[in-house]
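Here is a short set of exercises to work through with the model open beside you. Try each task on your own before reading its solution.

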There are 2 protein chains.
Amino acid sequence: MIQTIPVQLAARGYDVCVGPKLLDEVGPRTRRLVGGQAAFVITDSNVGPLYARRVAASLTEADFVVRVHDFPAGESHKTLATVAGLFDRIFAAEIPPDRDSVIVALGGGVAGDVAGFVAATLLRGVAVVQVPTTLLADVDSSVGGKTGVDHPAGKNLIGAFHQPRGVFIDPGALATLPEIELAAGLAECVKHGIIRDAGLLDWIEAQSHSLIAGDEELFGELIARNVAIKAAVVAADEREAGERAHLNFGHTIGHAIEAEAVFAAGGPGDLRHGHCVALGMVAANQIAVRRGLLSGDEAQRVEALLAELGLAVRRAGVDGERLLGIMRRDKKARGGVIRFVLPAGQLGRVAIYDDVTDEEILDAIEYLA
Amino acid sequence: MIQTIPVQLAARGYDVCVGPKLLDEVGPRTRRLVGGQAAFVITDSNVGPLYARRVAASLTEADFVVRVHDFPAGESHKTLATVAGLFDRIFAAEIPPDRDSVIVALGGGVAGDVAGFVAATLLRGVAVVQVPTTLLADVDSSVGGKTGVDHPAGKNLIGAFHQPRGVFIDPGALATLPEIELAAGLAECVKHGIIRDAGLLDWIEAQSHSLIAGDEELFGELIARNVAIKAAVVAADEREAGERAHLNFGHTIGHAIEAEAVFAAGGPGDLRHGHCVALGMVAANQIAVRRGLLSGDEAQRVEALLAELGLAVRRAGVDGERLLGIMRRDKKARGGVIRFVLPAGQLGRVAIYDDVTDEEILDAIEYLA
């Protein structure tokens, strides 16, 4: 069964479709959205060998002239240099791109962000469809129109908002996803529960064993529920002027941990974005507990669930002062003020706080150590 | 006297201000639009030494922390590599940019396009104010939100729509503008007359001597009239889905001539964008004359006016077949169909034609030779 979740935006909404074998339907479904001739599939060196052929065949079947361009997998290649290289290859095509061309973003968050940014800036913007293949991309980055690349000074510092025309999610692609990536995606699902839907937390707790075992149908349901939450938040605040910031729960400290790991330590090691968000959520919950915004029991419940899903909830050697410095430079900080999203009285509701002190932040990071 | 022309857009309109000494008012006028702390002035190596100090002083006065970054002047530096270098310098600032920062684009069309693209993609979009210093930028590129860079495969192939928060035009800056650049700007003014306002053509004809002599007050009037035309067209069609294409009158063949000169011949020589547009207008008018859409007298009148303004109306050695190939690859061609904007019955009105034959195009180019 294909589930369709609409993302209702002022200018042009789009549908997120979730269901089995969608990888083989990318062509006809894209054809319903785009009239052009050329389709450029952008993917990475991990996902390309697994799924690019199926997607390209489906696009060819739907009368697109298809070119597949991949780039080396990994966050370290999410750069302006990678984008420049893709432009060189796209413009070298026999059929040059025109404004009716479409970019097909195939892969995880990095491929989606890079391909989305290419689409945002190719001829001042062409259509993009997102075909995510990781749980994190399924429930988070493929929906909402954030695109971009990293800079040595920080993650996602260069980019654009560019909404996709459609998102096609085949949970079958998760069969090839390493466990560590699955856990990273589950962290964002827990986040969605904390910010909007305590019932989702109950459901994940109840299904955690089957999810870890990789039940495809169950993943379809999980993805659809999470996309619905993300879609509602994005629809309410497309450009992150207000409510959309709620999605940053766990990301303030999480991003800093990630930035330090990737850029200072020279590589992410076993740490994924989702793992950092899990740590960030644990720390944020501690701030909330101390402020009386969340009970100690609820914070413990979240920790237990994250651990059950295979996510670390402690991290040795975190350096509070250093992370504070990174947070102040984060693009979400305005005038150096660090904003926190915290549970507001209970799980399932959050609010934004601008008055968290350095001491509270340092204590929360200390808790992780 | 400061004239203010509103650009009325659905999401967020802005004002274009034209008047003497506005270079010294950039700070307070930007402060009314932007609340942030950091202002990054982006300019080129020609304009920076002339005007960056005045603009920076005005911004400092208005409580901005100002950094000035310049790049080598010239279309050949309108590249992704230049943008990457600017990002490196922006992120190296002691006060890192945040979402309330502002980019101040100071200079001609290249500086405006590059700085605008940096603003469009810095932290997924920060505010930009345009401070154009050439006639071409005054009446054309600073208004309308087109930003971007070139690629070896063609002009403006990489970019984004990103409307400025404000545009401040000081006609006094034209005092330092080489004559060849002034003529290039006047070509776009003639274009505006042909597509929307036959009265403007009369006015330019009547004032041509004083304009060429560099009368600053007269230039203020000329700029305000032209900005009003451009603003009306942009307001009716922000993303170039329809009517905005009228602004491309003269650009179909003009762009091809420019592309050949810049990219094939290794440099623009004495040819500026406006000069190419002038040639393109002469050629387009010939197509219109042959179709009975314009009288031969009117076409001659335009040619005489362009020549009077110092613009070439013939070009030796143009290669029709080669230009045709370039036109088919232009980003405005869809599915290889070359679209022409042509006068529709009289000067002051144009329409779009998709059915111009190769033979008509080749004959028109032949006319230029």
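**Exercise 1. Find the bridge partner of Gln130(A) in E9(A), then place the helices that pack on the sheet.**

Step 1. In E9(A), Gln130(A) has Val167(A) as its bridge partner.

Step 2. Now widen the view to the two strands: E6 (residues 127–132) and E9 (residues 166–169) of chain A run parallel and share two bridges. Strands here are DSSP runs (E, at least two residues) and helices are DSSP runs too (H or I, at least four), both numbered from the N terminus; two strands pair if DSSP finds at least two bridges between them.

Step 3. Add helix H3 (residues 80–91) of chain A, which packs on the sheet and touches strand E3 (38–44) and E4 of chain A. The direction of H3 makes about 155 degrees with that of E4(A). Contact means C-beta atoms, placed from the backbone, within 7 Å; angles run from 0 to 180 degrees between N-to-C directions, with axes fitted as lines to C-alpha atoms, for helices over the stretch in contact.

Step 4. Helix H4 (residues 109–121) of chain A packs on the sheet as well, touching E3, E4, strand E5 (102–107) and E6 of chain A. Its direction makes about 170 degrees with that of E5(A).

Before going on, a word on the model and its numbering. This is a predicted model, in which local features need pLDDT of at least 70 and side-chain atom pairs count only at pLDDT 80 or more, while totals for chains, interfaces and linings use all residues. Residues are numbered from 1 along each chain as its sequence is written, and chains are lettered from A and ligands numbered from 1 in the order in which they are written.

**Exercise 2. In what order do the seven strands of the open sheet in chain B stand?**

Step 1. Trace the order: E1-E2-E9-E6-E5-E3-E4, with mixed pairing.

Step 2. Look at the edges. Strand E1 (3–7) and strand E4 (65–71) of chain B each have a single partner strand, so one side of each lacks a neighbour in the sheet.

Step 3. Check the twist: neighbouring strands are turned by 20 degrees against each other on average, direction ignored.

Step 4. Zoom in on one edge. E1(B) pairs with strand E2 (residues 14–18) of chain B in the antiparallel sense over five bridges, and Gln3(B) stands opposite Val18(B) in E2(B).

**Exercise 3. Is Gly48(B) buried or exposed?**

Step 1. Locate the residue: Gly48(B) lies in helix H2 of chain B.

Step 2. Count neighbours. Gly48(B) has 22 C-beta neighbours inside 10 Å, so it counts as buried. The cut-offs are 20 or more other C-beta atoms within 10 Å for buried, 12 or fewer for exposed, and partly exposed in between, with C-beta atoms placed from the backbone.

Step 3. List contacts: leaving out residues up to four places away in sequence, Gly48(B) touches Thr43(B), Val68(B) and Asp70(B).

Step 4. Gly48(B) and Gly107(B) are 59 residues apart along the chain, with 7.9 Å between their C-alpha atoms.

**Exercise 4. Which residues of H13(A) are buried?**

Step 1. In helix H13 (residues 358–368) of chain A, the buried residues are Ile361(A), Ala364(A), Ile365(A) and Leu368(A).

Step 2. These residues span an arc of only 100 degrees around the axis, which puts them on the same side of H13(A); the arc is that of the directions from the helix axis to the C-beta atoms.

Step 3. Turn to the other side of H13(A), where Glu359(A) and Glu366(A) are exposed.

**Exercise 5. Describe how chain B meets chain A.**

Step 1. The contact takes 29 residues from chain B and 29 residues from chain A.

Step 2. On the chain B side, H3, helix H4 (109–121), strand E7 (146–151) and strand E8 (154–161) each supply at least two residues. The largest share, five residues, comes from E8(B).

Step 3. Compare the surfaces: 100% of the interface residues of chain B are also interface residues in chain A, so the copies meet through the same surface.

Terms used. Two residues are in contact if their C-beta atoms, placed from the backbone, lie within 7 Å.
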